[in-house]
Amino acid sequence: MLFNKLRTLCNTCVLHLQWVPSHINLKYDIADSLAKEGTTMPHAYVDPLTYLELYSRRKALVSISWRHPPAHSWYRSEGPGAAIRFKGDWKDQTALARLSSGHLKTLRFSRGDKKFNICTKSNMIEVTPQHLLDCVALVYDDLFKQPDFVLEVTKANDLMDLI
């Protein structure tokens, strides 16, 4: 706020602010003399940075952070704890990941509660991940042990559009 007021007062001049510590374990007259001495010292003038200079500095910082990955214990592992080891196409991998995590296409939130669409097969039960597995007589462990089989069963029962 103070800086903005100073800037409006001094539109045509260059404004430099310098912090001078004072009154820290010093008597008032010593602190005042040191503050006055600090104001007579030469100031280092630095040209303001342009947008492109700021952008390139930030880009370099981000680049360095990408070259040095985080040291988390899970970072270098092949996958998270409940990773599905499956070499299918992108759509199939996404479907299995959604089914295992519970984040189906039909999931929406209403006043903080999870809501799912009604199952097209049974027409009365919400399409939760557990219901989808129950609907085709599968268990949750099948997602990790037999992902190909789970995909084939869900495709054969036309349930892929719900996942």
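A residue counts as exposed when its relative accessible area is over 50%. At 60% relative accessibility, Leu52 therefore falls in the exposed class. The model discussed here is predicted.

**Leu52 and the surface**

Leu52 sits in helix H3, which spans residues 51-67. Together with Tyr51 and Tyr55, Leu52 makes a nonpolar surface patch of about 410 Å². For the chain as a whole, the exposed area is about 13,300 Å², and carbon and sulfur atoms supply 58% of that area.

**Overall architecture**

The chain contains seven helices and two strands. Their order along the sequence is α-α-α-α-β-β-α-α-α. Of its 163 residues, 20% count as buried. Among contacts with a separation of 6 or more, 41% join residues 24 or more positions apart.

**The nonpolar core**

The largest nonpolar core has 19 residues, and the members that touch the most others are Leu99, Leu104 and Leu132. At least two residues of this core come from each of helix H4 (90-101), helix H5 (129-135) and helix H7 (147-156).

Leu132 can be followed further. With neighbours within four places in sequence left aside, Leu132 is in contact with Leu99 and Leu104, and also with Val127, Leu159, Leu162 and Ile163.

His131 also belongs to helix H5. Its relative accessibility is 11%, so His131 counts as buried. Residues up to four places away in sequence not being counted, His131 touches Cys119, Ser122, Ile125 and Glu126.

**Helix H7**

Which residues of H7 are buried? They are Pro147, Val150, Leu151, Val153 and Thr154. Viewed down the axis of H7, these buried residues fall within an arc of 165 degrees, so they line one face of the helix. The general geometry is that an α-helix has 3.6 residues a turn, so residues three or four places apart point the same way. The cover over the buried residues of H7 includes H4 and helix H6 (142-145).

The face of H7 turned away from the buried side carries Asp148, Glu152 and Ala156, which are exposed. Ala156 has a relative accessibility of 61% and so counts as exposed. The C-alpha atom of Ala156 is separated by 9.7 Å from that of Val136, a residue 20 positions away along the chain.

**The salt bridge between H4 and H7**

The salt bridge count for the model is one. The pair is Lys155 and Asp92, with the closest N and O atoms 3.3 Å apart. Lys155 lies in helix H7 and Asp92 in helix H4, so the salt bridge ties together parts that are 63 residues apart in sequence.

Are the two partners buried or exposed? Lys155 is partly exposed, with a relative accessible area of 35%. Asp92 is buried, with a relative accessible area of 11%. The cut-off for buried is under 20% relative accessible area, and partly exposed covers the range between that and the exposed class. Helix H4 thus appears in three roles: H4 supplies residues to the largest nonpolar core, H4 is part of what covers the buried residues of H7, and H4 holds Asp92, the salt-bridge partner of Lys155.

**Positive phi angles**

Two residues that are not glycine have a positive phi; they are set out below.

| Residue | Phi | Location | Relative accessibility |
|---|---|---|---|
| Ala137 | about 60 degrees | loop between H5 and H6 | 69% |
| Asp158 | about 55 degrees | segment after H7 | 59% |

Ala137 is placed in the loop between H5 and H6. With 69% relative accessibility, Ala137 counts as exposed. Asp158 follows H7, and its phi is positive, near 55 degrees. With 59% relative accessibility, Asp158 counts as exposed.

How values were computed. Residues numbered from 1 in each chain as written. Predicted model: local features only at pLDDT ≥ 70, side-chain atom pairs only at ≥ 80, totals over all residues. Heavy atoms only, no water. Patch = residues over 30% accessible without salt bridge, like charges linked within 9 Å, V, L, I, M, F, W, Y side chains within 5 Å. Areas by Shrake-Rupley, 256 points an atom, 1.4 Å probe, with all protein chains shown as cover. Salt bridge = Lys/Arg side-chain N within 4 Å of Asp/Glu carboxyl O. Helix = DSSP H or I, 4+ residues; strand = E, 2+ residues; numbered from the N terminus. Buried < 20%, exposed > 50% of the residue type's maximum accessible area, 1.4 Å probe, protein only. Contact = heavy atoms within 4.5 Å. Core = buried A, V, L, I, M, F, W, Y, C linked by side-chain atoms within 4.5 Å. Arc of directions from axis to C-beta.
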